[in-house]
Amino acid sequence: MTFTLGLIKASLPSYFPEKHGVFDRAVSALEGLAAEEGARLVVAPNVPMDGHQARAAMSAVLSEGADFVILLHGGFTMGDVARTLASFDVPLGFWATPEPNHEGDIQLNNFVSLNMSMSIARGVRDLNKSPIRWYFGAPDDTALLGQLRQSIKALTMRKAVRGSRVGVVGGLAPTFYNMAVDQDALFSRLDVEVEHVDIHQLTQAMPDFADELVAKELRAMGAAAEVDGVTEAQMDLTARMVLALRELAQANRYDALAVSDWPALQQDPGFHPGAAFSWLEEHDAIPVASEGDVMGAVTQLAVKSMTGKVGCLLDMTSPQLAQDRILMWHGGGGPLHLAEGRARWINHPMIGRGTEQGPIYGAIADYCFALGAVTVLRLGRSGASRFSFEAEVVKAPEAGFTGCRGWVSHFAADGQARSAYDVVAAVLDHGVEHHFVLVAGHWEQVLSEFGEWSGLVTLGIKKR
């Protein structure tokens, strides 16, 4: 999926963007930025001066697949250009560059034009639902390029989510009502299609894979993480689940999966698929959300576009408010790249324990997160909301529970410091659905812009 940036250059002939190199420098800067972000740039062939010419310019870049269109006010631009472009249902940016000098005759007058364009656009477009971003700066301005880069990342996320397909295998985990999704609302808001798959389709496919394919998968998994105490039979089931889920995703063009990992799979074939989920996320970059969590899978898709890797789906497990830290943990279904050191494949420690039947193992991934900057987020409410915060993975006296885990502290939201109590209070007061996705790095600004382009309500974190 390649993101395409469209550029429309505009000016009246009585102003001089060509003389001052505005257009050429802007095209060069955007070409470089697009190349760095794995995108491409298309430029309208005409310089519109009225609504008719603006429509032709927009049609030209849209025919080239533009996902985001920037109107560059190279010089003063007539208001019907902005009004016409704003009438198109496409993400828009309005850009003006500074004056080359501030004596004598005015050369560009494009900030006035930018001001006019933004106010005109408000009359023909609901900017709360369909925003227009404004940019002011020279093509070589570092701050401007950072803003444009952020917009490209945010809109690439939007494109990755829109039109995606999530395969739900086995439905929602029993009584996890908070993760239920209104599929029509999700499709309407984010254009995400959800398709349900009978879990027996998966389990019936597992025995049919050739032994050599299973052995090849196991060799790759063993090279990536140490097998520690898991029986050959359980690792065999894990590899067969990997093959079955991979085939299911490829055959049906699923961009992500949401799989009910309990209780049906403990009855047949008798294991837990956590390690299979980990391996598909690590090796294939296919998000696999446990417990049938559709919005967890959608969050993973957005994260994958933003960072280039699948994040880790987790519970907010054990706040230690006095120590200002929170344990983020889940039972071993996360990708390996987040690990501090080498991960292990171990037996699932919980399923069946304390029952007459006894433990039913199955392999999971076991590791602690590498120390450093992380972002924790959740897209929720059937595609209507965004919750996120930045933090740091820190050392604590206790390592955390078996599985994928790490203590997070030094919280921030909206650029302001927050406490563990602030975060916990926001989660509980908003009723944010578990799970949460943890990714390496600080991404709050990109997520905020993604939320704006996608019409998401921000579930904020207040200072208490």
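**Close-up 1. An open sheet of four strands, with parallel pairing.** In this predicted model, the strands line up in the order S7-S6-S9-S10. The edges belong to strand S7 (193-197) and strand S10 (288-290), each of which pairs on one side only. Going from one strand to the next, the twist averages 20°.

**Close-up 2. Where S9 meets S10.** Strand S9 (residues 256-259) and S10 run parallel and are joined by three bridges. Which residue of S10 is the bridge partner of Leu257? Look for Val288. Val288 turns up again in Close-up 5, in the lining of the second largest cavity.

**Close-up 3. Helix H9 lying across the strands.** Helix H9 spans residues 232-252 and lies across strand S6 (165-169), S7 and S9. Relative to S9, helix H9 runs at about 130°.

**Close-up 4. The largest cavity and its lining.** How many cavities of 30 Å³ or more are there? The count is two, and the largest holds about 50 Å³ of space. Its lining is made up of Arg386, Phe387, Ser388, Ala413, Asp414, Glu444, Thr458, Leu459, Gly460 and Ile461. Strand S16 (residues 385-394) gives the most to this lining, with three residues. By residue type, the lining of the largest cavity is a mixed bag: four nonpolar, three polar and three charged.

**Close-up 5. The second largest cavity, lined in part by S10.** This cavity has a volume of about 40 Å³. Around the second largest cavity sit Phe277, Glu281, Val288, Ser290, Leu313, His330, Gly333 and Gly334. Helix H11 (274-284) and S10 each chip in at least two residues of the lining. So S10, an edge strand of the sheet in Close-up 1, also helps to line this cavity. The lining residues here split into three nonpolar, four polar and one charged.

**Close-up 6. A salt bridge between Arg133 and Glu452.** Side chains of opposite charge can pair when their charged atoms come close. What is the distance between the closest N and O atoms of Arg133 and Glu452? They are 2.7 Å apart. The two residues come from distant parts of the chain, 319 residues apart: Arg133 is in strand S5 (residues 132-136), while Glu452 is in helix H14 (residues 444-453). The model as a whole has 19 salt bridges. Helix H14 (residues 444-453) also takes in position 444, and Glu444 is one of the residues lining the largest cavity in Close-up 4.

Conventions
Residues are numbered from 1 along each chain as its sequence is written. This is a predicted model: local features need pLDDT of at least 70, side-chain atom pairs count only at pLDDT 80 or more; totals for chains, interfaces and linings use all residues. Side-chain values use heavy atoms; hydrogens and water are left out. Two strands pair if DSSP finds at least two bridges between them. Axes are lines fitted to C-alpha atoms, for helices over the stretch in contact, and angles run from 0 to 180 degrees between N-to-C directions. Contact means heavy atoms within 4.5 Å. On a 1 Å grid over the protein atoms alone, a cavity is a set of points where a 1.4 Å probe fits but cannot get out, and a pocket is an open set with protein on both sides within 12 Å along at least five of seven lines; lining residues have an atom within 4 Å of a point. Grid points are joined across faces, edges and corners, and a volume is the space filled by probe spheres set on the points. Ala, Val, Leu, Ile, Met, Phe, Trp, Tyr, Cys and Pro count as nonpolar, Asp, Glu, Lys and Arg as charged, and the others, Gly among them, as polar. A salt bridge is a side-chain nitrogen of Lys or Arg within 4 Å of a carboxyl oxygen of Asp or Glu.
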